[in-house]
Amino acid sequence: MTATRPEYRKEWLLHTQNEPVFLNPKTWYADDGGGRMFCRALLPQDAVLRVVGGPGHEFESSGRNWELPDAAKPYAETKNYLGRYRVETSPAPPAESDVFLHIIQVGADAAPRMLGTRLLEDGVTFGVAFTTDRGDWEIRFRRNGPPGGSVRLSRDVRSVCDQPLRSDVEPQSGIFY
């Protein structure tokens with residue numbers, strides 16, 4: 001994200017139905033309906049995360065808890081899905097340009113922990129590496145210029161998938177797993 005002035009606050013938000021539980025300053029999870037969502041903030045590295053919401057703060061923004069429009073009130077009261085919680089990620093200190101990178105993992109609420117992740121950075125790309133039962137993944141994004149990057153899945157010593165992420169080409173057909 002780039003701002004016209006460095007002091008303009010930039011935020012990345014993720015809303016949750018129930019209160020998030022922090023495992024460490026950059027990793028948290030939230031449960032609902034038998035499922036669990038983990039989230040880890042990888043960039044910016046100096047990010048500050050905070051929880052907004054909860055009773056009396058469901059629609060809080062810029063220091064004010066905004067009034068819900070009348071048309072939405074019956075839905076909010078019966079379903080209790082509006083507002084609730086969100087985690088805000090902001091860089092510290094402010095800068096003109098910031099890169100945000102989060103990894104989200106979903107599964108059953110019995111999942112005890114999030115996958116281990118490793119931040120990948122060089123002068124040209126940034127991304128994440130992690131291992132699943134399918135193999136070792138590396139996902140990279142181009143730092144500058146047109147959108148792009150790559151996705152790579154390796155198993156043992158062979159590459160199963162090694163594809164560019166480019167905005168100027170049609171997707172290729174193939175089997176990826």
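Before the residues, one term: two residues are in contact when heavy atoms of theirs lie within 4.5 Å. By that rule, and leaving aside residues up to four places away in sequence, D98 touches M1, K10 and P91. I will come back to D98 later. What you see above is a predicted model.

First, the overall picture. The protein chain has 177 residues, and 33% of them count as buried. There are one helix and 14 strands. Along the principal axes, the C-alpha trace spans about 55 × 45 × 35 Å. If you take the contacts with a separation of 6 or more, 50% of them come from residues 24 or more positions apart.

Now the sheets. Strands of a sheet pair through backbone hydrogen bonds, either parallel or antiparallel. One open sheet here has five strands, in the order β10-β11-β12-β13-β14, and the pairing is antiparallel. Its edge strands are β10, residues 117–121, and β14, each of which pairs on one side only. From one strand to the next, the twist averages 15°.

Inside that sheet, look at β11 and β12. Strand β11 covers residues 125–132 and strand β12 covers residues 135–142; they pair in the antiparallel sense over eight bridges. If you want a place to look, find F130, which stands opposite W137 in β12.

Next, β13 and β14. Strand β13 is residues 148–155, strand β14 is residues 158–166, and eight bridges join the two in an antiparallel arrangement. G148 stands opposite R166 in β14. What do β13 and β14 form, and how many residues are between them? They form a hairpin with two residues between them. One residue in that turn, D156, has a positive phi of about 55°.

There is also an open sheet of four strands, ordered β2-β3-β4-β9, again with antiparallel pairing. At its edges stand β2, residues 21–24, and β9; each has a single partner strand, so one side of each is left without a neighbour in the sheet. The twist in this sheet averages 20° from one strand to the next. The partner of β9 is β4: eight bridges join the two strands, which run antiparallel. One of the paired positions is A41, whose bridge partner in β9 is H102.

On to the interior. In soluble globular proteins, nonpolar side chains tend to be buried together. In this model the largest nonpolar core has 15 residues, and those touching the most other members are L42, L101, I103, V128, F130, W137 and L153. Two or more residues come from each of β4 (35–43), β9 (101–108), β11, β13 and β14. A second core, separate from that one, has nine residues, including L14, W28, L49 and V87. You have already met F130 and W137 as the facing pair in β11 and β12.

Two cysteines are worth a look. Are C39 and C161 buried or exposed? C39 is buried because its relative accessibility is 0%, under the 20% cut-off. C161 is buried too, because its relative accessible area is 8%, again under 20%. As for disulfides, the structure holds zero.

Back to D98, as promised. D98 sits in the loop between β8 (85–90) and β9. Why does D98 count as buried? Its relative accessible area is 8%, and buried means under 20%, so D98 falls on the buried side. The D98 side chain makes a polar contact with the side chain of K10, at 2.9 Å. K10 is also among the residues that D98 touches, along with M1 and P91.

The loop between β8 and β9 also holds P93. The peptide bond that joins A92 and P93 is cis, with omega about 0°. Another cis peptide bond runs from L43 to P44, with omega near -5°. P44 is in the loop between β4 and β5 (48–53).

For contrast with D98, take S62. That residue is in the loop between β6 (60–61) and β7 (64–65). S62 counts as exposed because its relative accessibility is 75%, and the cut-off for exposed is over 50%. S62 and V106 are 44 residues apart along the chain, and their C-alpha atoms are separated by 30 Å.

To close, a short list of places to visit in the viewer. Start with the hairpin of β13 and β14. Then go to the pairing of β4 with β9, and finish at the contact between D98 and K10.

Definitions and conventions: Residues are numbered from 1 along each chain as its sequence is written. This is a predicted model: local features need pLDDT of at least 70, side-chain atom pairs count only at pLDDT 80 or more; totals for chains, interfaces and linings use all residues. Side-chain values use heavy atoms; hydrogens and water are left out. Two strands pair if DSSP finds at least two bridges between them. Axes are lines fitted to C-alpha atoms, for helices over the stretch in contact, and angles run from 0 to 180 degrees between N-to-C directions. A nonpolar core is a set of buried Ala, Val, Leu, Ile, Met, Phe, Trp, Tyr and Cys residues joined through side-chain atoms within 4.5 Å. Buried means under 20% relative accessible area, exposed over 50%, partly exposed in between (1.4 Å probe, protein chains only). A polar contact is a pair of N or O atoms within 3.5 Å; within protein, one must be able to donate a hydrogen and the other to accept it, and residues adjacent in sequence count only if both atoms are side-chain atoms. A disulfide is a pair of cysteine sulfur atoms within 2.5 Å.
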